[in-house]
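Hi everyone, thanks for making time this morning. I'd like to walk you through a structure that is new to most of us, so please have a look at it first.

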Amino acid sequence: MSGPGAIETGLSRMLERFLALLLLAIFGTVVLLVILRYVFNTTVVGGNEGALIAFVYTTAIGGALAVARREHIEIRYFVDLMPAGIQRFLDVLQLALVAIVNFAIVWYSIVWIASTGSYLMPALQIPQIVAQLSVCIGSSLAFVYCLLGILYARGSPSRSPAEGSRRCTAGH
């Protein structure tokens with residue numbers, strides 16, 4: 001496979017591995033914090049904040065991967081009744097609208113980060129930009145996945161039945 005599909009697949013695999021490591025880190029941190037708190041009556045300063053930051057990143061990147069896999073919520077009943085060419089057009093239109101929304105999120109999050117990103121987090125004493133960048137990263141990835149999806153859709157037939165069965169649909 002070459003072109004947008006190969007890029008998307010490689011990027012998705014890399015992000016999935018990163019998310020697996022983050023989830024393992026979150027799990028390990030939470031287990032450690034519980035044991036320390038209830039067995040030894042102590043804690044790791046900033047442990048909760050660290051786990052929370054990792055969780056925010058898993059959410060942002062996971063959302064982008066949902067866009068890549070087209071696993072976001074949608075109702076396709078009427079679209080599935082349309083001819084393949086119209087379905088492809090509507091799929092591209094949907095990706096374009098999602099791309100526009102994510103671009104706007106990136107744009108406005110940059111303004112938000114510029115005004116508040118230098119404030120320190122209470123326990124870790126690191127700038128809030130560390131957590132806030134998750135919004136830019138997740139939305140940027142979703143934007144890229146939308147563009148790749150549009151490029152891939154232009155040269156391919158409408159979705160296969162196997163792809164449609166993976167998606168969350170209502171009314172079927």
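Let's begin with the outside. The protein chain exposes about 10,600 Å², and carbon and sulfur atoms supply 73% of that area. Please keep in mind as we go that this is a predicted model.

Now the overall layout. How many helices and strands does the protein chain have? The count is six helices and zero strands. Reading from the N terminus, the order is simply α-α-α-α-α-α. The protein chain has 172 residues, and 33% of them count as buried. If we take the contacts with a separation of 6 or more, 73% of them are between residues 24 or more positions apart.

Let's look at a few of these helices in turn, starting with H1. Helix H1 covers residues 4-39. Towards its end you can find a nonpolar surface patch of about 820 Å², made by Phe27, Val30, Val31, Val34, Ile35, Tyr38, Val39 and Phe40. Let me pick out one member, Val39, which sits in H1. Is Val39 buried or exposed? With a relative accessibility of 58%, Val39 counts as exposed, because the cut-off for that is over 50%.

On to H2, which runs over residues 47-69. Its 23 residues should span 33 Å at 1.5 Å a residue, and the end C-alpha atoms are 32 Å apart, so the two values agree. One residue of H2 that I'd like you to find is Glu49. Glu49 is buried yet has no salt bridge. The nearest side chain of opposite charge belongs to Arg37, and that is 12 Å away. What does Glu49 touch, leaving out residues up to four places away in sequence? The list is Met121, Pro122, Ala123 and Leu124.

That brings us to the salt bridges. A search of the whole structure finds four. One of them joins Arg69 and Glu16, with the closest N and O atoms 1.8 Å apart. Arg69 belongs to H2 and Glu16 to H1, so this pair ties together parts that are 53 residues apart in sequence. As for their surroundings, Arg69 counts as partly exposed at 31% relative accessibility, and Glu16 also counts as partly exposed at 31%.

Next, move along to Arg70, which follows H2 and has a positive phi, near 60 degrees. The side chain of Arg70 meets that of Asp91 in a salt bridge, at 3.9 Å from N to O. Arg70 is in the loop between H2 and helix H3, and Asp91 is in helix H4, so the pair ties together parts that are 21 residues apart in sequence. Both of these residues are buried.

Asp91 has another partner, Arg76, and here the N to O distance is 2.9 Å. Arg76 lies in the loop between H2 and H3 while Asp91 lies in H4, so this salt bridge ties together parts that are 15 residues apart in sequence. Asp91 counts as buried, at 7% relative accessibility, and Arg76 is buried too, with a relative accessible area of 5%. To put the pieces together, Arg70, Arg76, Asp80 and Asp91 are linked in a network of salt bridges.

Since we have reached H4, let's stay with this helix for a moment. H4 spans residues 84-116, which is 33 residues, and reaches 47 Å from its first C-alpha to its last, close to the 48 Å expected at 1.5 Å a residue. Which residues of H4 are buried? Among them are Gln87, Asp91, Leu95, Ala99, Asn102 and Val106. Ala114 is also in H4, but Ala114 is exposed, with a relative accessible area of 69%. The C-alpha atoms of Ala114 and Ile129 are 8.6 Å apart in space, with their positions 15 residues apart in sequence.

One last stop, in helix H5, which takes in residues 129-154. Here I'd point to Leu148, which is buried with a relative accessible area of 9%. Leu148 and Ala6 are 142 residues apart along the chain, and their C-alpha atoms are separated by 9.9 Å.

That's the tour, and I'm happy to go back to any of these places on the screen. Thanks for listening!

How values were computed
Residues numbered from 1 in each chain as written. Predicted model: local features only at pLDDT ≥ 70, side-chain atom pairs only at ≥ 80, totals over all residues. Heavy atoms only, no water. Helix = DSSP H or I, 4+ residues; strand = E, 2+ residues; numbered from the N terminus. Buried < 20%, exposed > 50% of the residue type's maximum accessible area, 1.4 Å probe, protein only. Patch = residues over 30% accessible without salt bridge, like charges linked within 9 Å, V, L, I, M, F, W, Y side chains within 5 Å. Areas by Shrake-Rupley, 256 points an atom, 1.4 Å probe, with all protein chains shown as cover. Expected span 1.5 Å × (residues − 1). Lys, Arg positive; Asp, Glu negative; His and termini not counted. Contact = heavy atoms within 4.5 Å.
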